[in-house]
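Student: Please take a close look at a single part of the structure shown below. I should like one connected account that also places this part within the whole chain.

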Amino acid sequence: MKRLEIAQYIALGATCMTVLGFVINLATQSRWSMTMCGYGVMIGLISYFFGGIKTAVKMAGKIAKWGWIILPFPYDIVTGLVAFFISIFVFMALPIIPIRKAYKEQSME
């Protein structure tokens, strides 16, 4: 429980860095804002070491399942894989989403 609480604080900082870097990059097109996004993603990966990676993969699997349900056979495999990897990349940039969910699940038990 304590590890997930630490991971939650790290993930919050990482998410703020990523979002602020992205917004500043849209406004100014500077290199340091993209560096800020890169640091946010790296810090987000560090927060997954404290906990929450299992929840992130489960959530990405649930998102990818819609790719298999919506499209017919030849396209469903590719759509599912693309949806899985895009959701993993989003969770790398915004780690607060799965880590907060893991923290809530842990506190419920």
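Tutor: The account below begins with the chain, turns to the second helix and its surroundings, and ends with the surface.

This is a predicted model, in which local features need pLDDT of at least 70 and side-chain atom pairs count only at pLDDT 80 or more, while totals for chains, interfaces and linings use all residues. Residues are numbered from 1 along each chain as its sequence is written, and side-chain values use heavy atoms, with hydrogens and water left out.

The chain holds five helices and zero strands, where helices (H or I, at least four residues) and strands (E, at least two) are DSSP runs numbered from the N terminus. Its order along the sequence is α-α-α-α-α. Along the principal axes, the C-alpha atoms fill a box of roughly 45 × 45 × 15 Å. Of the 109 residues, 34% count as buried; buried means under 20% relative accessible area, exposed over 50%, and partly exposed in between, with a 1.4 Å probe and protein chains only. Among contacts with a separation of 6 or more, 71% come from residues 24 or more positions apart, a contact being heavy atoms within 4.5 Å.

The part chosen for the close look is helix α2, which spans residues 31-50. Ahead of this helix, glutamine 29 sits in the loop that follows α1 (2-28). Although glutamine 29 is not a glycine, its phi is positive, at about 55°. Its relative accessibility is 61%, and it therefore counts as exposed.

Within helix α2, serine 33 presents the opposite case: its relative accessible area is 0%, so the residue is buried. Setting aside neighbours within four places in sequence, the contacts of serine 33 are with Gly21, Ile24 and Asn25. Valine 19, a residue of helix α1, lies 14 residues from serine 33 in sequence and 9.9 Å from it in space, C-alpha to C-alpha. Valine 19 is partly exposed because its relative accessibility is 38%.

Further along, glycine 44 also belongs to helix α2. Glycine 44 has a relative accessible area of 0% and is therefore buried. Beyond its neighbours within four places in sequence, glycine 44 is in contact with Ala14, Met92 and Pro95. A separation of 31 residues in sequence lies between glycine 44 and tyrosine 75, whose C-alpha atoms are 32 Å apart. By comparison, isoleucine 6 and serine 47 are 41 residues apart along the chain, with 8.0 Å between their C-alpha atoms. Isoleucine 6 is placed in helix α1, and its relative accessible area of 36% is why it counts as partly exposed.

A buried serine is also found in helix α4, namely serine 87. Its relative accessibility of 6% is why serine 87 counts as buried. Apart from neighbours within four places in sequence, serine 87 has contacts with Ala60 and Ile63.

The surface completes the picture. About 7,200 Å² of the chain is exposed, and carbon and sulfur atoms supply 76% of this area; accessible areas come from the Shrake-Rupley method with a 1.4 Å probe, and for residues only the protein chains shown count as cover. Trp68, Phe73, Ile77, Val78, Leu81, Val82, Phe85, Ile86, Phe89 and Val90 form a nonpolar surface patch with about 990 Å² of accessible area together. Patches consist of residues with over 30% relative accessible area and no salt bridge, like charges being joined within 9 Å and nonpolar side chains (Val, Leu, Ile, Met, Phe, Trp, Tyr) within 5 Å. A salt bridge is a side-chain nitrogen of Lys or Arg within 4 Å of a carboxyl oxygen of Asp or Glu. Helix α4 (residues 73-93) supplies the largest share of the nonpolar patch, nine residues. Valine 82, which lies in α4, is partly exposed because its relative accessibility is 43%.

A patch of positive charge gathers Lys54, Lys58, Lys62, Lys65 and Lys101 on the surface. Its largest share, four residues, comes from helix α3 (residues 53-70). Lysine 65 lies in α3, and its 47% relative accessibility is why it counts as partly exposed. Over the chain, the mean positions of the 10 positive and 4 negative charges are 5 Å apart. Lys and Arg count as positive and Asp and Glu as negative, whereas His and the chain ends are not counted; each charge is placed at NZ of Lys, CZ of Arg, CG of Asp or CD of Glu.
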